[in-house]
Amino acid sequence: MNRVSMRITILFILLLIGTNLSYGQNTGFTLSGKVKDAATKTPLSQATVSVTGTSTGTHSDSTGFYKLVIPAGIHKIRFEFVGYATIDTVLNVNTNIKLNVSLKPSDQFLKEVQVKSTAEVRKTIETQSLTVLQGTELERTRGLSLGESLKSITGVTTFQTGPSIAKPIIHGLYSNRILILNNGVRLEAQQWGSEHAPEIDPFIANRIEVIKGAAGIRYGSDAIAGVILAEPKALPTTPGTMDGEVNAVGMSNSRLGAFSAMVEGALGKKLEGFSYRIQGSYKRAGNTSTPNYILGNTGLSENDFSAALQYYHKNYGVETYYSNFNTKLGILAGTEVGSIADLKARIQETVPTTPADFTYTIDRPYQTVNHATAKVRGFYNFDDGSKLQIQYAYQTNKRSEYDLLSYSTSLNPSLYLKINTSTADINFDQKPIGGLTGSIGVSGMNQGNVRMYQYLIPNFVDYDGGAYIIERYRYKKLLFEAGIRYDYRWLKAYRFNDTVAKIEATTTHYQSSSSTLGATYNITSDLSLSGNFGSAFRAPTVNELYSNGVHQTLISYEVGDPNLKTERASNFSLNLNYQSHRVAIDLQGYYNNINNFIFLQPTGQYTRVQSGSLLMFDYTQANVFFRGIDLGVIVKPLDSLEINSKTSLIYAYNKTIHDYLIYTPPMRLQNGVTYHFGSLGAFKNLVLGAENVFVAKQTKVPANQDYAPPPGAYSLYNAHLGFRLIINHTYAAIDLSVNNLTNVAYKDYLDRFRYFANEPGRNIIFRLRVPFSILQNNK
């Protein structure tokens, strides 16, 4: 309680800091120019140019060029780039202005976690909370899965299945309530299982954006909890250039090795306007170690590939993209046992009954996943400022789960699922009319699923369609925003009726609307307040309706309910954001009421099947609510010293049974300190940091429902050292970090395998990133 009280006191004092620079009325003048390195004169791509205290901003392209429209008046303009000193300048805007800026490499390597997006085109719902992971904070997650990469964001955690499988949770919600977009394409896979991690290579992303809250207006009903966007950097456009980058990662725990390489460029002469990128990744890990023992059969292997080709003209362009993700994941050995008595005893044991040694070999049980994505996108910019975008994408996701051979003499997988998805999207951004801007769009999707071998979910065909409109109005310091969307889903499932022992076709229809209403008030140039109300719905998925079988990789038998109704969520959030030279505060409070909330509930019962004993889970629904607070504070008492604190508090209640909701994230506190040494000889941007992560015991759980009580609280210490070496006028970034420094033995409440094993122990991680240039202005 002392820590919490101290944070509240500090927050209350710091909120008194501010200035009174006002944001003028929008009359639409153009600010443009180039951002370059002051020493080498090379252009800086993806530099941020923003109007302080507003959401207006942009990023420079590969030539360093930027352009944005700002209203008349006096404004503070900020120029930022990773590893360079920030420049703030004040402009009296009453005509079009051209301003070229040269940035100097900074001895202070600034932290970039929780940087608010300033590129207006990226923030579809401006009054909602948007957090961006980029720069050094993103680099420090290389080698981790997408879910693990996001745990540094306040309000985001993971649902895990052992040490190598993690999927993100936003404000207590996960799976089909969080929409993930890979390079603008919604990820459509078998993501309903808690051990079905997102099939995305994080090395592709140059930035990861997280929208917290119902975002169904723009993205559809699967975004009832939020949206995660994995965005690559823009393709280069300067003719005759070719650049590249290599990344290498090594970890002591699991002896993981990962390597990624990328080459990109823009063609010249008669092919001017064409640009390309080719990227590939490889990852291999063996058995993970806890502080006291090795977790058998927890290795992984992964190889990924992606390619992009773009033609860009002043007013139009076409982009094609292809990615292929392949992984093989071992499932913890010793979880599958014969009798129910043995399974109960296994849950009570503190260590695995069968000792394991380190090996890279992945034996049964394991799962393999292949996900291929192809897209084509075109856009046209009209002279009046409006823009049309059209996109089509096709995906194939194949999942195979292999049981122990002792239970089956067949070499075939025990479960095979293949889902094909086609999506089409059209979006039109209208021309600005005074302070009014907005967009209108339609989307459609078709899915087909094929299963083989054991029955868990049925084959199905799905058709979805939606249409939306979002409008914004700016007046001085105020932004008003409203939107509405209509969605329709047609679902036909070919499910097995075990009563009559035959396949039956069942057709269901779902339709409803979503809406949003919000406002942002820029109190000063540093302080803003936003509020948003969103109403969204989600139709039950095939697994929730018709599951009936063994989910072997989860040691469970799952049963759906064909009578489930549509979820309806009413989400209200309030955001207070303060940013100055010394202090940054981001405070969000939220309340999310969901009627007919669908969840997988442990029954407390066991069942015996041919492959062994299993835990039993049923899909059910109830009226629930989630409420909580996310608080992030960064204080810089010195230019070289940074102190940060992140707090996530969440409370979930099941109103139907008048008890708590199971599998709710417990309180999480993350406190760290970073010191920037500057340059020491050849070492540039030398930075040393340490942090403590405290996760409380989840005491608010429903009585007599789980198979084991929640584990105790735990406290972990992490540390990192980073620096850059200048090699041939480019930066080679090196980072050395240690997670779980004191080698604490603990269990996490949100790990499905906490019934059987501890979490990983100490892990020393080495990361290297080397960008390089092959051609410069080669005509």
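Begin by selecting strand 27 together with strand 28 (residues 478-497), which pair in the antiparallel sense over 17 bridges. The model on the screen is a predicted one, and what follows is a walk through it, one selection at a time. Within this first pair, pick tyrosine 473 and look across to strand 28, where phenylalanine 480 stands opposite. The hairpin of strand 27 and strand 28 has two residues between the strands, and lysine 476 in that hairpin takes a positive phi near 55°.

Next, add strand 26 (residues 436-453) to the selection and look at how strand 27 (residues 459-475) runs beside it: the two pair in the antiparallel sense, here over 14 bridges. The link from strand 26 to strand 27 is a hairpin of five residues. To see the register of this pair, select methionine 445 and find aspartate 464, which stands opposite in strand 27. As a general reminder for this part of the tour, backbone hydrogen bonds are what pair the strands of a sheet, whether parallel or antiparallel.

Now zoom out until the whole chain is in view. The protein's secondary structure comes to six helices and 42 strands, and the C-alpha atoms fill a box of roughly 80 × 60 × 55 Å when this is taken along the principal axes. For 779 residues, a compact globule would have a radius of gyration near 28 Å, and the value of 26 Å for the protein agrees with that. If you colour by accessibility, 56% of the 779 residues count as buried. Among the contacts with a separation of 6 or more, 67% are accounted for by residues 24 or more positions apart.

From the overview, move to the sheet of four strands in the order 3-2-5-6, an open sheet with antiparallel pairing. Its edges are strand 3 (57-59) and strand 6 (87-93), each of which pairs on one side only. Neighbouring strands in this sheet are turned against each other by 20° on average, with direction ignored. Inside the sheet, select strand 2 (residues 48-51) and strand 5 (residues 73-80), which run antiparallel and are joined by four bridges; valine 51 is a useful place to centre the view, with isoleucine 77 standing opposite in strand 5.

The next stop is the aromatic side chains. Searching the whole structure gives 29 aromatic pairs. Take tyrosine 311 and tyrosine 316 as a starting example: their ring centres are 6.3 Å apart and their planes stand at 40°, so this pair is tilted. Both residues of the pair can be checked for accessibility, tyrosine 311 being partly exposed with a relative accessible area of 26% and tyrosine 316 being partly exposed at 33%. For another geometry, select phenylalanine 358 and tyrosine 360, whose ring centres are 5.0 Å apart with planes at 85°, so that the pair is edge-to-face. Phenylalanine 358 is partly exposed, with a relative accessible area of 23%, and tyrosine 360 counts as partly exposed at 32%.

Keep phenylalanine 358 selected and add arginine 255, which lies over the face of that ring at 3.9 Å from the ring centre. A further arrangement of this kind is found at arginine 218, whose charged end sits over the ring of tyrosine 219, 5.5 Å from the ring centre. Then return to tyrosine 311 and tyrosine 316 and widen the selection to Phe274, Tyr380, Phe382 and Phe428, since ring pairs link these residues into a cluster.

With Phe274 still displayed, select glutamine 310, which is found in strand 21 (residues 300-312). Is glutamine 310 buried or exposed? With a relative accessible area of 11%, glutamine 310 is buried. Its contacts, leaving aside neighbours within four places in sequence, are Leu235, Thr237, Gly273, Phe274, Ser275, Val318 and Glu319.

End the tour at glycine 257, placed in strand 17 (residues 257-266). Glycine 257 counts as partly exposed, with 30% relative accessibility. Which residues are in contact with glycine 257, leaving aside its neighbours within four places in sequence? They are Val249, Tyr282, Lys283 and Arg284. Of these, lysine 283 is worth a distance label: the C-alpha atoms of glycine 257 and lysine 283 are separated by 5.8 Å, although the two residues are 26 residues apart along the chain.

Terms used. Residues numbered from 1 in each chain as written. Predicted model: local features only at pLDDT ≥ 70, side-chain atom pairs only at ≥ 80, totals over all residues. Heavy atoms only, no water. Pairing = 2+ DSSP bridges. Phe/Tyr/Trp six-rings, centres within 6.5 Å; stacked < 30°, edge-to-face > 60°. Buried < 20%, exposed > 50% of the residue type's maximum accessible area, 1.4 Å probe, protein only. Lys NZ or Arg CZ within 6 Å of the ring centre and 35° of its normal. Axes fitted to C-alpha atoms, helices over the stretch in contact; angles between N-to-C directions. Rg over C-alpha atoms; globule rule 2.2 N^0.38 Å. Contact = heavy atoms within 4.5 Å.
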